[in-house]
Structure formats: structure tokens, C-alpha cells
Amino acid sequence: MRHEPKPLPRPPVAAHALPGAPTTVLHQTRAVIESPHGGAIVLLTGTPGADAVLTTDENGGVRLWPSLDGKREPKLVELPPAKQLALGHRGDGYVAVARDEVGGLYIAKLDADGRTLAHTTIGADPPFEGMAMSTLGLLAWRADHHVLLVDPDGAIKGDLGTEPQQRIVGIAVQGVNALALLEVEGVRKVRWLTLQPKLAWGALVDVPDQGMMGLAIALAPGLTHFALVSKTDKTGQVGVHEVATGKLVTHDILVGTGIEIDFVDDKLLAIGSREGGLRWLAVEALAPMVPITTQLQPSQQRHLLTAGGGLAILPRDGELMLMTPTDTKFLGYQTLSPQVTAPGPDGKLLVVSHPGAVMLDANLRETASKPLLGLASNAHVAALEWVGGDDWLVESTDGGAKLQIALHNLATGKSTVVRDNLSEVHYLAFEPTTQLVTLSFGAQAQVARLDRRTYTLDQLAPTLKRSAYEEVAFAPLSSALGPNALVEVVIRDKPVARWFKDPKALDKPSATVTLGGPYLGTDAAGTVYAWRPTSAGKLEVASYLNGKAVGTLPTQGPASLWPDPTATMVAEAGPTGITLYKGSAVMWTRATEGVHEVHWLTDGGLAINHVTGVARLDVKTGAVIAVRCGWEFGLSSKPHPPAPRIEPICAQLAR
């Protein structure tokens, strides 16, 4: 499932204009949002020194990586679609700049967690053609051959035009020093650009004329060397020159198209291209080092390489590669899509991810105690049900093809198999007031009662043989209706619902009704929900109780239903959002794409499950209480799993 890129700037709450400065738009404060990317990274930039990185993915999502040590997760940033990004430090926060497709600038002041405090814009008349971040502000050059120095508030602190018959090709910046690549009467030349006390052109660097056309420039941190990408119609090279003399000290052949260069330190140049991957060029060496075979994104030509602090930084899918000539580390999430999420005690959520597990508190942060699930390293979890204390029913494979249900104690790690050699995965349901456990669908659908003292699951009725065209779903009901009350739905061409007082007498229902369409679910009071055609030829959700149709829900389009444990509310998850009903009245609707499961928590809260994460919503209003995307963030010697091609729920709920 793919989503078109969507800009995420939040509505302004105030605006003011300062004399001689662009209009500053203040932003509302929002929660800090940590989130993986929702697709492959297609743009990348770093701060001066590359201690933080800003990235954009193919779906338009923007992330700030505030550190590269694996200790701080990427933060969601609200920027419009960009052709180029720039990132700099600003006090205890950042300034992030997006250059759009038509050449305008969007300048955002960010706090340390990537939240936009304010932004300004500079129009594209004339358009900006490139930019680079200095420690004094942004250097941006326009199509009219002017270079501007812009501070984090968007105020223009300097405006310098080129001399006649000159144009700016590129500018390399290190701190407060800049070196420009100019075209002077058809010839490429290198010239210093002074930033303080004001913008001014400095001395030319005497670069020997090799009959080549300069395309890009990079400046070493110590200001001792610079590098040029050059080519003619037939040949090309990347060369490293002495700053003092312009002398060529080493070079490499042109390694492809979309060439990017950046110094990782004073002794090493990183060279990236679509065809050649990443190569290293040692300053003052006689020959280039052995190339790394890592490939860049084939759809992009520029802005996928940044370097500094001894590292070259490139994207791989939705994560970062931190590279040296001898080592590569991958910065990202080990788990993006958990196998199973289930409610636990005190409003907690248990999240299982092949085969590890974490327990999340009410703010969706990991609790101090690590759940001891005790599964094989290659086990796959199909279902979880908390049954009291530290005990959980877990349906899983044993590491092979064999399916089983076991009672696990997450505090001690003790595990007792209560159903073995299952031929199919079954949907588990547990009723805490009666201790009934039901296995629905599949060949071994059944009703049983759990005994936690003996760690046994006692079957209450024999498994009935069904037609090959039938499936059976059981729903245990509240003890208020009796210690053994349940509903059975036989799913066939015309589903049939039956209400029972005792599962030992499955041939003696207390009520029966044929449903009008596909079965959707049953609440603890015995109300059955199913689709039903209307006289207008559309579908509606009908409710049935004790053999009679008793009402409808105003559902729009396809959806799944999740009744709450008190049988007073129903959550509906549809393709474009989630709606909460009380009776037949809508309490609220929350626009969210891709929700596939709803959890009613044991503290009365509501959580939604998404392929990219989980979120906790306020039951009364639908407001976001907490959201979590991605687990086990950090550095790895191996690539992490690829990002799902969908906008993460963390980003969706930020809108």
C-alpha cells in the first residue's frame, strides 16, 4: 500500500513581521514523535560536522536523526516536499531548510526533538539553485548569480552578486569558511568566499587548467585540500588539490553519473555515484583505495551522501549506513512490524517480535521488567491472551511447522503446553469472569476452561465434525449470563448464530437466527454483529441478540468491529479511520489509514494496532495519548528489515 507524499506543516497559531525580515509563522507545540521512515530514503543531508542527519523518504516523510550512536531514535519533522535539504545547529535545536522544486526556501526552526517552533519562507523569484549550511547560517545561491547568507529566522544577512560574466556552479562550506566553484567566461575557477564580517569575494585559487569542466566541489575540514568533480565529453575525474597552491595531489577516474563528494576528515574523501557505489580517495595517495560495492538509490542523482567525523553516511532503504573504509554500521530498527500485540495487566500491552517480547506501559514505553517468553529463536507467535497474573496463553509454532498452545509465565519463563499438534492456527478468545477459552475456526474449534492452578485447559465439549464448507466461531460471554454462556456462529453461505447456556449441550441452543451476511463479532453480553443488505442494495451492520435482530450501526463502507468488554461500546476500524459507537450513536471518528486491529485495554483504555506501530487513544474523545513506531533501535553490523511502504501511524496521527 502506498501513499502520495503529504506535507506536514502544522497550522500556525500566530504570526508577526519584523522590520526588514520575512514573516515568521509560529507553530503549535506538539508531542515529540519518534518514528521510522515509511519508505526508502531519497534525500539526505547532515549538519556541519555530520553529527546529526536530516532525511526524506519516498512518501514525503522527514526525519531528524539527532545522533548517530544508536541512542536516540529519529524524530518526525514537518517539512514540505523538497528537492534539497540543509541542516544546521541553532542553540539547543536545529534549523532545517527545504529547497522546493521551483526554487523557493522553507526555513524551519526546530527544537532538539525535531518539533517546528516557527518557520519562514523565501520565494522563488528568482529561484534558488543550491544551498549549503555554514555555522553562521545558510548559504544559498540563486539563478541570478547572487549568493545569500540567511539566518535561522529567514533574515537575509548578506547578498553578494558575482562579477560580470560569472556564475555560481557550487559552494563548499566548512564552519565559517567557503570555497566557490565559478564559471568565468566559460572556464571553471575556484575562489574563496568570505562570510564575515560580511559576504565578499576572496582570492582565486590557482587550479591548473586541464581542459575539464568542474561539476562539484568539496572542502576538507582543516582547509588544507579541496576536491573537484570534473569531466569533458569523453573523460572525467575526481581530483584532490592543495588549497594553498591549487596543485593536484591525487585523483580517481570518473566513476559514474550523479557524482557526490564529501570529506570524511582531512585525509579521506568519499565519492558516491549511482553506478559505482561508494569509493574512497586518500588525500596525497598515489592511487584510490578499493571501492566499496554499496549501491546508491538508482532513482536519485544527488543529495544521498554526507560525511564528517570520520564517517561517510548514506541511506539504505529506510535506515542509515555509517561507513569507513574498513567497517559499515547500520542505524535503524530491528523490528518495524510486530508479530502480535495483546492487552496485559494494568493497561499494559505485550508486543512480540520474532521471538523477543517487550511490555509497554500506558505511555507505550518499555517497562523495566523484560517478559520471559521462552520461545525458540525461530518460533512464530500467532496469538496471545492474558489470563491473569503473569500467565499468558500463547499460540505459536515450536520452531518448525508444529503448532501448539502453551501457558507461559512471563515472570519465571515457565511454559506448559496445553494443546499440541494443532493442524491449523485458531483464533483464541478468553473470558476472565468465567475462565472460558475458545478456539475458533480451523479443524479443532472448541470450548474449554482454563485452570491456572494445574496449568491445564479442559475441553468442555467434543470437537464437532463440520462440512468442508463450514467454519465455526465461538464467543465466550460474561458470567452475568451464566458460568458457561457462549455464542456459536457457523459460517457458511448463510451464517447461523446460536446462543447456549452450556457448551456441553451444543445440540440445545436457547436461541437461533440466520444472519443476513458475513459475521463481524460478538460482545460480552451476547450481541452478534453481522453485515446485512439493505433495500437500497447497500450493506449495513445489523446486531442480533437471543435470536432476534435488535438494531443497526451507521457504518460507512467495509470495516471490522471490536466490541468493548463492558458491551457498551463498539470500535470500528475502516480503510480510512476508526470510529467509536455507543449504542448506535457515534462518539468520535479518527482519520487513520491502515488500522487492522483494536485492543480494549484492561484499564479501560483503547489501543489501535497498525502494520507500523501502535497508538493509545482517549476513549471519550479519540485524542492521541501515546504512539509508538519501531522497536530495538540501534547500530548493527547487519542491515535491518526494510521499511514498510506505508506512512507510519506515528506520522499519520501527527496530522
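Okay, quick one on vocabulary before we start: a strand here is a DSSP run of E, at least two residues, numbered from the N terminus. And keep in mind that this is a predicted model.

So, Thr-579. It sits in strand S51, residues 577–582. Buried or exposed, then, this Thr-579? Its relative accessibility is 9%, and the cut-off for buried is under 20%, so Thr-579 counts as buried. Its side chain has a polar contact with the side chain of Thr-589, at 3.1 Å. If you skip the neighbours within four places in sequence, the contacts of Thr-579 include Val-570, Glu-572, Trp-588 and, again, Thr-589.

Right, on to the aromatics. There are 2 aromatic pairs in the structure. Take Trp-65 and Phe-633: the ring centres are 6.3 Å apart and the planes make 40°, so we call that pair tilted. Those two come from distant parts of the chain, with Trp-65 in strand S5 and Phe-633 in strand S57, 568 residues apart.

Then there's Tyr-333 with Phe-633. Here the centres are 5.0 Å apart with the planes at 55°, so this pair is tilted too. Tyr-333 belongs to strand S29, residues 327–335, and Phe-633 to S57, so the pair ties together parts that are 300 residues apart in sequence.

You'll have noticed Phe-633 turning up twice. The ring pairs link Trp-65, Tyr-333 and Phe-633 into a cluster. As for burial, Tyr-333 is at 4% relative accessibility, so it counts as buried. Phe-633, at 14%, counts as buried as well, and so does Trp-65.

Last thing, a cation and a ring: the charged end of Lys-414 sits over the ring of Tyr-455, 4.4 Å from its centre.

Definitions and conventions. Residues are numbered from 1 along each chain as its sequence is written. This is a predicted model: local features need pLDDT of at least 70, side-chain atom pairs count only at pLDDT 80 or more; totals for chains, interfaces and linings use all residues. Side-chain values use heavy atoms; hydrogens and water are left out. Helices (H or I, at least four residues) and strands (E, at least two) are DSSP runs, numbered from the N terminus. Buried means under 20% relative accessible area, exposed over 50%, partly exposed in between (1.4 Å probe, protein chains only). A polar contact is a pair of N or O atoms within 3.5 Å; within protein, one must be able to donate a hydrogen and the other to accept it, and residues adjacent in sequence count only if both atoms are side-chain atoms. Contact means heavy atoms within 4.5 Å. Rings of Phe, Tyr and Trp (its six-membered ring) pair if their centres lie within 6.5 Å; planes under 30 degrees apart count as stacked, over 60 as edge-to-face and the rest as tilted. A charge sits over a ring if NZ of Lys or CZ of Arg is within 6 Å of the ring centre and within 35 degrees of the ring normal.
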